[in-house]
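Here is a short report on the ligand sites of one model. Look at the sequence and structure first, then read on.

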Amino acid sequence: MIRIRNVSHKIGPAPILHDISLDIPKGGITALIGPNGAGKSTLLSLIARLAVLREGEIHIDAMKIGEVSDRELARHLAIMAQSTHVSARLRVEELVGFGRYPWHRGRPGPGDRAIVESAIERFGLGPMRHRFLDEISGGQRQRAFVAMAFAQDTDYLLLDEPLNNLDIAGARSLMRLLRQMADEDGKTVVIVLHDINYAARFADRIVAMHEGRIAANGAAREVVTDALLRDVFGTDAEVSLHEGHPVVLV
Amino acid sequence: MARRLIWLALALALACLLYMTVNARGSWSFLLPFRGQKLAALVLVGASLSVATVLFQTITENRILTPSIIGFDQLFIMIQTVLIFMMGSADYAGLSALLLFAVNVGLMSLLGLVLFTLLRRGARGEMMRLVLTGIIFGVFLRSATNFVQRLIDPTEFSVVTTVTYARFNTVDALLLVLTTVVTLPALWAAWRMRSRLDVLGLGDQIALGLGEAPRRGQSIALVLICVLVASATALVGPMAAFFGLIVSALAHVITPTERHAILLPCAALTGAVVLVGGQTLLERVMGLATPISVVVEAVGGALFLFLLLKRRRA
Ligand SMILES: Nc1ncnc2c1ncn2[C@@H]1O[C@H](COP(=O)(O)OP(=O)(O)O)[C@@H](O)[C@H]1O
Ligand SMILES: [Mg+2]
């Protein structure tokens, strides 16, 4: 479980997060939604110690952020940040291979190679495995980064807007892969999504954020309502139910 | 790609052989140690400046930077100028090699580390700020040096100009030993952190996500860079700023990979081949006394432009 207690965060003088307390249970997919600038990426960075936590506490199972070593945490939690620019000129399979680094620290064994192979296979990267990252489409690159996080083989997987650049087929197949990882491999997936419909369709829980606070937290049907769209997203789009899943009519 | 490293090693062996044997007149008992020392200096300097450049480019994530941008060369010139100004050229020439080496390496390493620590105490230790500060610092040092040089007696000034060019004609044996003792462990340490460097090259966030704290790794790399550049400069004087740049660009062409297990030895070998080969050509074949740094600057500049343009088009 990810336990967040009284976390506040400032960037310079500007307060970004206000006294956030939240439990993200182990297993399943938790989607973070909210308008741009709500603080979703900031919260995710704090959980993954990419930003320094100054106020409040975050625990991942028994590990306390700020105390657990970077190496140790990298074996339990993988993060794919929102901006995934790499200046190094890497091939797809090299990038995915880096996912194993926390485990072998420079000396990959046969087990590491097998996991990289399965990640490449699973994310359909086989045909482009020898291509350079700057020679494939944005969506394919996005998939390669998720595959790298997958190869890290951690209990927790944090993904910040992985559907960016993906077309509808790519987005759905990636969400199905994440579903499979949650259901079959028992991973805990925390994912920032900007499309509420994907969150409602694929996530077990939705956490809505607004201006640095948690606005709603629960199952899709409880969270995705006309009121949420009005108060949090500031739009009058309607919500309808389709086979039990709420759908935002855009 | 490992095969290309073997070819490079063979090229280096050939360059060394030519350097030792072409135009060899006189007894070998004299030639062997005389040329051998210079050869050792060439190989050492070529390898350390190249490795330092690769390290610097990795931690700055920028392929057109070299550590000399932090102002090492300028500081070296400044130190020699001030020493000559204060002691006179005769006393300067009489300084023990050990003392001069210690002063040079100490001050230059200190400069690099102080610059780095100062900048990191600020809100965010961004590499680009370090680089910009280095450039400004270099300009400041240059003006200060110019000022002191104006105060120096014109006859003494000629000494300043000779010590402030990289030279391989005279290599002090003790200095060579000192440099080796400092350089080899630094090169070994760089080799030891090769996988770490691969991860650091992915950028701060990804490196941290993989459990590799970027600041720790960057600090270690920076210490190694300071030591390598400072001791190479103390041995032969300021090398052309272009040298590291050219060699790393060449290394990326010879072994197109981001893996430091390949890149580091490739850069070290390439650097040594360029220096030994270049010096053989200059000294033995063309019989010139031109400092190799001048040639590297000219040839290197052209080659570098070519590489840049080629890359743009590709
Ligand atoms: N580096 C930064 N400097 C200043 N403000 C920032 C910085 N990064 C983010 N912010 C601000 O923090 C708030 C939350 O940002 P973020 O967490 O990226 O939101 P989200 O991911 O929900 O779109 C925004 O108002 C944004 O302007
Ligand atoms: Mg964001």
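Donors to a metal are N, O and S atoms within 2.8 Å of it, and water is not among the atoms, so a site may look incomplete. This is a predicted model.

**The metal site.** Ligand 2 is a magnesium ion. A:S41 coordinates the ion through OG, and A:Q82 does so through OE1, at 2.0 to 2.2 Å. A:S41 belongs to helix α1 of chain A, while A:Q82 sits in the loop between β6 (77-80) and α3 (92-98), so the pair ties together parts that are 41 residues apart in sequence. How exposed are A:S41 and A:Q82? A:S41 is partly exposed, at 24% relative accessible area. A:Q82 is also partly exposed, at 36%.

**The shell around ligand 1.** A:S41 appears here too, among the residues around ligand 1. Others include A:I11, A:I16, A:P35 and A:K40. By class, the shell has four nonpolar, five polar and one charged residues. Which element gives the most to this shell? Helix α1 (residues 40-47) of chain A does, with three residues.

**Polar contacts.** The table lists contacts to oxygen atoms of ligand 1.

| Residue | Part of residue | Distance |
|---|---|---|
| A:A38 | backbone N or O atom | 3.2 Å |
| A:G39 | backbone N or O atom | 3.0 Å |
| A:S41 | side-chain N or O atom | 2.6 Å |

Taken alone, ligand 1 exposes 560 Å². The protein buries 56% of that area.

**In short.** A:S41 serves both sites: its side chain lies 2.6 Å from an oxygen atom of ligand 1, and its OG coordinates the magnesium ion.

Definitions and conventions. Residues numbered from 1 in each chain as written. Chains lettered and ligands numbered in written order. Predicted model: local features only at pLDDT ≥ 70, side-chain atom pairs only at ≥ 80, totals over all residues. Heavy atoms only, no water. Near = heavy atom within 4 Å. Polar contact = N/O pair within 3.5 Å; in protein donor to acceptor, adjacent residues only side chain to side chain. Areas by Shrake-Rupley, 256 points an atom, 1.4 Å probe, with all protein chains shown as cover. Helix = DSSP H or I, 4+ residues; strand = E, 2+ residues; numbered from the N terminus. Nonpolar A, V, L, I, M, F, W, Y, C, P; charged D, E, K, R; others polar. Donors = N, O, S within 2.8 Å, 3.2 Å for Na, K, Ca; no water. Buried < 20%, exposed > 50% of the residue type's maximum accessible area, 1.4 Å probe, protein only.
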